Amino acid sequence: MSTVVLVARLGLAAVFGLAGAAKLTDLAGSRRAVRDFGVPRSLAPIVGTLLPPGELAVAVALTGRGSATWGAFGALTLLGGFVVAIVAALARGHEPECHCFGQLHAAPAGWSTLARNLVFAAGAAVVVIAGPGASVSGWLGSLSGAQVGWLLAGALAAAMLTGQTYLIWRLLRRHGRVLARLRALEAGITSEALVLGVGGGRRPCT
């Protein structure tokens, strides 16, 4: 159980760290996203600006054994707010753009977004209820040299896979935009040709 709690802590820390850092590089998008989710316009700039540092603070707190419980409580609070905002938007029939990971990933917030946040909230609840679990140094100290080697190799492979997946996603997204522009251009040319053809076929009455 101690290892499970540690994995939950580090996983949540990685998620909140990535989300906070990504939003911090696009504060305008963060402010726009919280406004689209129903935060009043007068408060949206403040909430959108404070959200990224709050997520980073949660990530840092989760990495330390002494502060992990507070970090998990903060994560659970933020995730609870996200869940309420998503449910309220879906109930209104709206799917505002979820700026969850800044410019790294932005998509309409739907049922999959709600399910993802509920899974993260369950992980945070485990840490709050079960306690911080083992420390990172203590857990690593209990591993053999071979296990540490396999762990590092797995982490490196996961990082490379994540990087490659992100690059492929970016390329596909750009390719999709180019195709959409080409289709729009072709549609415009076709419409213009049809108009010219109809106009060219007219003959003045005699």
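Helices and strands are taken here as DSSP runs, numbered from the N terminus, a helix having at least four residues and a strand at least two. The model described with these terms is a predicted one.

In the protein chain there are 7 helices and 2 strands. Followed along the sequence, these elements appear in the pattern α-α-α-α-β-β-α-α-α. The protein chain has 206 residues, of which 27% count as buried. Of the contacts between residues at least 6 apart in sequence, 68% join residues at least 24 apart.

The largest pocket is a suitable place to begin. Its space amounts to about 480 Å³, and 26 residues line it. Helix α4 gives the most to this lining, with 7 residues. At least two lining residues come from each of α1, α2 (27–36), α3, α4, β1 (97–101) and α5. In character, the lining divides into 18 nonpolar, 5 polar and 3 charged residues. Nearest the centre of the pocket lie Lys23, Leu51, Glu55, Phe82 and Cys100.

Two of these central residues, Lys23 and Glu55, also form a salt bridge with each other, in which the closest N and O atoms are 3.1 Å apart. The pair links distant parts of the chain, with Glu55 in helix α3 and Lys23 in helix α1, 32 residues apart. The structure holds 1 salt bridge. Are the two partners buried or exposed? Glu55 is buried because its relative accessible area of 2% falls under the 20% limit. Lys23 likewise counts as buried, at 6% relative accessibility.

The nonpolar interior comes next. The largest nonpolar core has 14 residues, and those touching the most other members are Leu12, Phe16, Val58, Leu62, Ala75 and Val127. Helices α1 (2–24), α3 (44–63), α4 (68–91) and α5 (111–130) each supply at least two residues of this core. The largest share, 5 residues, comes from α1. Which residues does Val127 touch, not counting those up to four places away in sequence? They are Val5, Ala8, Arg9, Ala68, Ala72 and Pro132. A second, separate core comprises 11 residues, including Phe37, Ile86, Cys98 and Leu114.

Cys98 leads on to the strands, as it is also one of the contacts of Pro108. Pro108 lies in strand β2, which covers residues 105–108. Leaving aside neighbours within four places in sequence, Pro108 is in contact with Glu95, Pro96, Glu97, Cys98 and Thr113. With Glu97 the C-alpha separation is 4.1 Å, although the two residues are 11 residues apart along the chain. Pro108 nevertheless counts as exposed, because its relative accessibility of 54% is over the 50% limit.

A final position belongs to a loop. Asp26 is placed in the loop between α1 and α2. Is this residue buried or exposed? Asp26 is buried, since its relative accessible area is 13% and the limit for burial is under 20%. From Asp26 to Thr49 the C-alpha distance is 9.7 Å, with their positions 23 residues apart in sequence numbering.

Conventions. Residues are numbered from 1 along each chain as its sequence is written. This is a predicted model: local features need pLDDT of at least 70, side-chain atom pairs count only at pLDDT 80 or more; totals for chains, interfaces and linings use all residues. Side-chain values use heavy atoms; hydrogens and water are left out. A nonpolar core is a set of buried Ala, Val, Leu, Ile, Met, Phe, Trp, Tyr and Cys residues joined through side-chain atoms within 4.5 Å. Buried means under 20% relative accessible area, exposed over 50%, partly exposed in between (1.4 Å probe, protein chains only). Contact means heavy atoms within 4.5 Å. On a 1 Å grid over the protein atoms alone, a cavity is a set of points where a 1.4 Å probe fits but cannot get out, and a pocket is an open set with protein on both sides within 12 Å along at least five of seven lines; lining residues have an atom within 4 Å of a point. Grid points are joined across faces, edges and corners, and a volume is the space filled by probe spheres set on the points. Ala, Val, Leu, Ile, Met, Phe, Trp, Tyr, Cys and Pro count as nonpolar, Asp, Glu, Lys and Arg as charged, and the others, Gly among them, as polar. A salt bridge is a side-chain nitrogen of Lys or Arg within 4 Å of a carboxyl oxygen of Asp or Glu.
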